[in-house]
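Student: I would like a close look at a single part of this model, the places where the chain turns and what they lead to. Could you take me through it slowly, in connected steps?

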Amino acid sequence: MKRTATILVLFAALVCTMALAVFLGGTALSAPEVAAALLHPGSHTTAGVVIWELRIPRIIRAVLVGSSLAGCGTVFQAVLRNPLAEPYTLGVSAGGALGATTAIVLGLSGLPMVALCFTGCLASICLVIAMSVFRDFTASTIILSGVVLSFLLSSVVMFIFSVASSRDVHASVLWLMGSLADTGAVPLPALGAALAFLLGMLFVFARDMNLISLGDEKAHLLGLGPGTLKAVLLGLASLVTGLCVAVSGIIGFVGLIIPHALRRLTGADHQWLVPASMLSGGIFLLACDTIAQTALRPYELPVGVITGMAGGVFFLAYLLKASPPEVF
Amino acid sequence: MTGLVAQDLTAGYQDHRVIDHVSFAVEPGSVFGLIGPNGSGKTTLFRCMSGLLKPFAGSVRLGGEDIARIPKRRLARLAAFIPQIHSVAFPYTVEEYVLMGRYPHRGRTAAFTPQDREVVEETMTLLDIADVRDKRIQRLSGGEMQRVFLAGGLVQRPEILLMDEPTTHLDITHQVRLMTMLKDLSERSGLTVLVTLHDLNMAGLYCTSLALLHQGRIHAMGRPEEVLTRANIEQVYQVRSEVCPDPYLSKPHVYFLGEKD
């Protein structure tokens, strides 16, 4: 009962945050202007264009990406049995960064760049799974393979930086910091449909996550070998993460702190934790993005700056407040 | 009632053999104890018996069926595997943990039925953990944790229960309580129990039969008094001992006298 209430409250909070975000954004608009634009969707006023073509799509993108990253963070933490794992632990971000940097140096943009970035993400996760299967496919082997691959790929990115023109380097660095602004490369409905489908699949595996988080032996209980189960879950979560990285760059901390914080609220049962994390991830990233747009208006901060600061403060508070056994 | 049979099992990891041509049968409704020194292959054998490890050769038969051919979910309804006490990384509550034992009956998405709740309730009461149902597993004492792990297995309503060193980390009260409970379950509900133990006297006291493992082979097997002999203990454990029948229960009791010269 308490947890049903938590989910409902989070849902209401998400709706409120979205409504609030419509009134706040990079362009200064007064509340009556926003209200007028909302009431007359077809009108071609500045406010109408800003609200309907920039702000609302961006809000939806922030919620989608935030929910996805938080949901995936929950999955990675369960499968790797490590509460400090996150969507980028397996090198998905490093693969995406290499793909995107390569695309920028080659002069690609739009869909080809997104495609190359996504390919980088997929290639890195396939490599990690291949490297770990070669050994014993335990959580620690998977994490170690991810760390090794991240180092390797980051070195390649640094190499590209050292030989690329300063303009390309600047563009790449901006991309790496992540942004929820529309690049026009992937239509929002397509992104939404893909993420909704994949996240829906994650819900189906909530009980499996409970078992796998207790150890490989427990996976037998639901009739899947632990290897298959881990590969399926990591594959799904990496697909989602890859999509997010490809459309919005590397936005850190959402996938790490949200599952952590929510576990204290709803408990560890993934049947509750996964939906609660997704809702909270959407709220958190949307709030951060709104702050990033409005804090130094007319300049827009990279959203990663805000999520990083919030994440740092959160963990510091956690560290100072929680007694050691509480940290995990 | 279902029995569990190991047929000429050879198993290990990569290219080295840990157990070598091991055969034994656990009678339906009995408590069968696996004993042996560290490194004798108990855990490997145990992992084979529960279907977690594929043997190089031989098979494990559960009620006549090869367990390698039993679909995993059906296997989970037939046999429950309780691992050694280990730390749990996530803050599940006792009730959440125990309920996971019902997953094999409900699968991935089906809702739990009143019957599931009833089984969970009954088992928690039986094991005296109903009071701590909302506590996180990490906050439990060793004795409580072992009972929670056991409850998670019992709610599967298995016909066979496999427990790996259940008495390690428990004080004597909880050791006796746990072993008595296993014996009761086997006698009253016909549960077949396979258990690995380090404490030879506990093994002698509570098990119907014993198998003594030595360097991957069965050194001796049979009723406790046949297995727990001075000669066997000296050969396998390199320890001098005297075995006398317990004056009250007529079970063998081992007195350890020191290392073999």
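Tutor: Before we start, one term has to be fixed: the helices and strands named here are DSSP runs numbered from the N terminus, with at least four residues for a helix (H or I) and at least two for a strand (E). Please also keep in mind that this is a predicted model.

With that term in hand, we can place Gln215(B), which sits in the loop joining strand S9 (209-214) to strand S10 (217-222) of chain B. Although Gln215(B) is not a glycine, its phi is positive, at about 50°. To judge its surroundings we need a cut-off, namely that a residue is exposed with 12 or fewer other C-beta atoms within 10 Å, buried with 20 or more, and partly exposed in between. Gln215(B) is partly exposed, because 14 other C-beta atoms lie within 10 Å. Chain B has another such place at Gln14(B), in the loop between strand S1 (4-13) and strand S2 (16-26). Gln14(B), again not a glycine, has a positive phi of about 45°, and it is exposed because 5 other C-beta atoms lie within 10 Å. These backbone values deserve a remark, since most residues other than glycine have a negative phi, and most peptide bonds are trans.

The second half of that remark leads us to chain A, where the peptide bond from Arg297(A) to Pro298(A) is cis, with omega near 10°. Pro298(A) belongs to the loop that runs between helix H13 (270-294) and helix H14 (303-321) of chain A. A positive phi is found in this chain as well, for just after H12(A) the residue Gly267(A) takes a value of about 85°.

Helix H12 itself covers residues 254-266 of chain A, and because each of its 13 residues is counted at 1.5 Å, the span should be 18 Å, which agrees with the 18 Å between its end C-alpha atoms. Of those 13 residues, 10 are buried, so H12(A) is largely enclosed by the rest of the structure. Among the buried ones are Val254(A), Gly255(A), Pro259(A), His260(A) and Arg263(A). What they pack against is helix H1 (2-23), helix H3 (46-79), H13 and H14 of chain A.

H3(A) has a partner of its own in helix H8 (residues 188-204) of chain A, since the two axes come within 11 Å and cross at roughly 25°. An angle under 35 degrees counts as roughly parallel, and H3(A) and H8(A) are therefore roughly parallel to each other. The crossing in which H3(A) passes H8(A) is left-handed. Residues making this contact include Pro57(A), Ile60(A), Arg61(A) and Leu64(A) from H3(A), together with Leu188(A), Leu191(A) and Gly192(A) from H8(A). Sorted by kind, the residues of this contact are 9 nonpolar, 4 polar and 1 charged.

For a second pair we can turn to H4(A) and helix H7 (residues 166-177) of chain A, whose axes come within 9 Å and cross at roughly 150°. Here H4(A) passes H7(A) in a right-handed crossing. On the H4(A) side the contact involves Ala97(A), Ala100(A), Thr101(A), Ile104(A) and Val105(A), which meet Asp168(A), Ala171(A), Ser172(A), Trp175(A) and Leu176(A) of H7(A). This contact divides into 7 nonpolar residues, 2 polar and 1 charged.

Helix H4 (residues 92-105) of chain A also holds Gly99(A), which is buried because 27 other C-beta atoms lie within 10 Å. Leaving out residues up to four places away in sequence, Gly99(A) touches Leu116(A), Cys117(A), Thr119(A), Gly120(A) and Cys121(A). Several names in that list return when we look at helix H5, whose buried residues include Leu116(A), Cys117(A), Gly120(A) and Cys121(A). H4 of chain A is, fittingly, among the elements that cover the buried residues of H5(A), along with helix H6 (139-163) and helix H11 (226-248).

Finally, the two chains meet in a contact that takes 22 residues from chain A and 21 residues from chain B. On the chain B side, helix H2 (72-78) and helix H4 (103-106) each supply at least two residues, and H2(B) gives the most, with 3 residues. That side of chain B is made up of 13 nonpolar, 4 polar and 4 charged residues.

How values were computed:
Residues are numbered from 1 along each chain as its sequence is written. Chains are lettered from A and ligands numbered from 1 in the order in which they are written. This is a predicted model: local features need pLDDT of at least 70, side-chain atom pairs count only at pLDDT 80 or more; totals for chains, interfaces and linings use all residues. Two residues are in contact if their C-beta atoms, placed from the backbone, lie within 7 Å. Ala, Val, Leu, Ile, Met, Phe, Trp, Tyr, Cys and Pro count as nonpolar, Asp, Glu, Lys and Arg as charged, and the others, Gly among them, as polar. The expected span of a helix is 1.5 Å times one less than its number of residues. Axes are lines fitted to C-alpha atoms, for helices over the stretch in contact, and angles run from 0 to 180 degrees between N-to-C directions. Angles under 35 degrees count as roughly parallel, over 145 as roughly antiparallel, 65 to 115 as roughly perpendicular and the rest as oblique. A crossing is left-handed if the near helix is turned anticlockwise from the far one by less than a right angle, and right-handed if clockwise.
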